[in-house]
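Thanks for coming, everyone. Let's put the model up and walk through it.

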Amino acid sequence: MEYSEELLELFALRARKYCGSDSSSLPYDKAQMIMEGILYCIHEYENSNTAQVTNGHVPLKELYDAGAALVMEKVQKTRELYNRIIVDFDDYQVTCLRDTVKKGIPEFLKWYDFRFFPQETILTLDYPVFLDVRSCSGVDAVYRFVKAIELEMTFLKGFERTEIILALQQAVPAYRSMIENVCEIFLQKVIGDAIKKERKACQSEEDIRHMLHFMVEREYNGDKELEDYLFRIEGEIWSRLQ
Amino acid sequence: MEQNHFLETINRQATLAALEKSNAYTAAYGLQLTREDMEVLLQEKNNTLRAQRRVEVGASILPKLVMIFSDSPYLTQENLLETLLRLQEDFFLFKNEMEDEITDDELLQFMKEQFDGVCYGDLEYLEGTCLEIFAQAIRAGYQDYQEDEGSGAFPHLDIVPRWDRGLYLATLEELLL
């Protein structure tokens, strides 16, 4: 492997930094975590828009430094996004949603070690969302999660709070302790109502997507991210109905 | 572990050079490590690291170990290599046993103080009693040793009765009866 020696040199450098003057050695599991942290940062750079295609050899340390800077940037972005959504965040009386967002995320921001262990997600992110948070880890997973919560809150704020809680109550009597997505349950009601109201216009998945598209155009200024998110939820609901 | 061999290689020359230097210091106590001794120490250190599933990433602990223990009254040219081998093995073993809660310097300080003190140079007593008790205390959250970097910690934890006047008289009485 072309990079293997450079990678080990980088590992030695990071491990020495981690140990500081306290220790000259560290256990394998910690060493493995440091190595995973290095690879996480390199992947962060490779998967970013800033990654440049070069023909020449780029020192691994440079890739790592660029990736580490991106991780730090993402932590800041997550913090800003969280601070923005928490102002008018509503848990709709669902404990799992409240605990994950109000208790979990601040703990993550408090304890996340982006210098040495950026791959650690720390949280289990129990509240289920419709952005894929399981395929990634660290700040990538938490950022996606907070983003999903932002989109859900944007959608739900377009409706009356009591209407949402009523829909939850009807779908899941013990809704306060459920570990299910609030948005999914409510969107199911919205789609159900639309089917009842306009039988002819809502006969296929395509029709429902049209209906959601017009709703987002009309009520949410054509928010494309929100539309994509609602399509994901709708896809899940539709496949279940089928 | 592939990375271990790489790190061993890059550390090797630096460690040998540091050990050569430490010879100049230990000469004052009549102790000298031959090149062969150094090679044995290095080889055994790498074996111990593998056995204890650890990676050495900074400057090797060996030269420091040699320097700290060199003024011990229980270290002679005759037992030098054998003792150093045991001490470095204990060092990595107890670094793990103490879950890395203690720094290198604190652990070395503690080992040296007990080796010269209550152990009277007995390595088995150092390993089986002093370090064992200390490791248990550290795992249970004991932190007072940090104030003096591992110095003077053992008397607070020692559960073994020492030969003070009371104990001496009690034992004498027992023997006479």
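Start with a definition: a salt bridge here is a side-chain nitrogen of Lys or Arg within 4 Å of a carboxyl oxygen of Asp or Glu. Some housekeeping too. This is a predicted model, so local features need pLDDT of at least 70 and side-chain atom pairs count only at pLDDT 80 or more, while totals for chains, interfaces and linings use all residues. Residues are numbered from 1 along each chain as its sequence is written, chains are lettered from A and ligands numbered from 1 in the order in which they are written, and side-chain values use heavy atoms, with hydrogens and water left out.

Now the salt bridges. Over all chains, the search finds 27. Take Glu150(A) and Lys147(A): their side chains meet at 2.8 Å, N to O. Both sit in helix α5 (residues 138-156) of chain A, and because they are three residues apart there, about one helical turn separates them. Helices are DSSP runs of H or I, at least four residues; strands are runs of E, at least two; both are numbered from the N terminus. Are these two buried or exposed? Glu150(A) is buried, at 15% relative accessibility. Lys147(A) is buried as well, at 14%. The cut-offs: buried is under 20% relative accessible area, exposed is over 50%, and partly exposed is in between, with a 1.4 Å probe and protein chains only. The pair also belongs to a salt-bridge network that links Arg84(A), Lys147(A), Glu150(A) and Glu225(A).

Next, Glu205(A) and Arg209(A). Their closest N and O atoms are 3.8 Å apart. They lie four residues apart in helix α8 (residues 205-219) of chain A, about one turn. Glu205(A) is partly exposed at 25%, and Arg209(A) is partly exposed at 27%.

Over to chain B. Lys112(B) bridges to Asp116(B), with the closest N and O atoms 2.6 Å apart. Here too the spacing is four residues, in helix α5 of chain B, so about one helical turn lies between them. Lys112(B) is buried at 12%; Asp116(B) is partly exposed at 21%.

Just past that helix, look at Tyr120(B). It lies in the loop between α5 (104-116) and α6 (123-139) of chain B. Its phi is positive, about 50 degrees, although it is not a glycine. Tyr120(B) is exposed, at 60%.

What about chain B as a whole? It has eight helices and one strand. From the N terminus on, the order is α-α-β-α-α-α-α-α-α. Its C-alpha atoms fill a box of roughly 65 × 40 × 30 Å along the principal axes. Of its 177 residues, 45% are buried.

Finally, the interface. How many residues does each chain give to the contact? Chain B gives 21 and chain A gives 17, where contact means heavy atoms within 4.5 Å. Together the chains bury about 1,700 Å², 62% of it on carbon and sulfur atoms. That area is the accessible area (1.4 Å probe) lost on putting the two parts together, summed over both. Across this interface, the rule finds zero salt bridges. On the side of chain B that touches chain A, α1(B) gives the most, with four residues.

One last stop: strand β1 (residues 25-27) of chain A pairs with β1(B), antiparallel, over three bridges. Pairing requires at least two DSSP bridges between the strands. Within it, Pro27(A) stands opposite Arg54(B).
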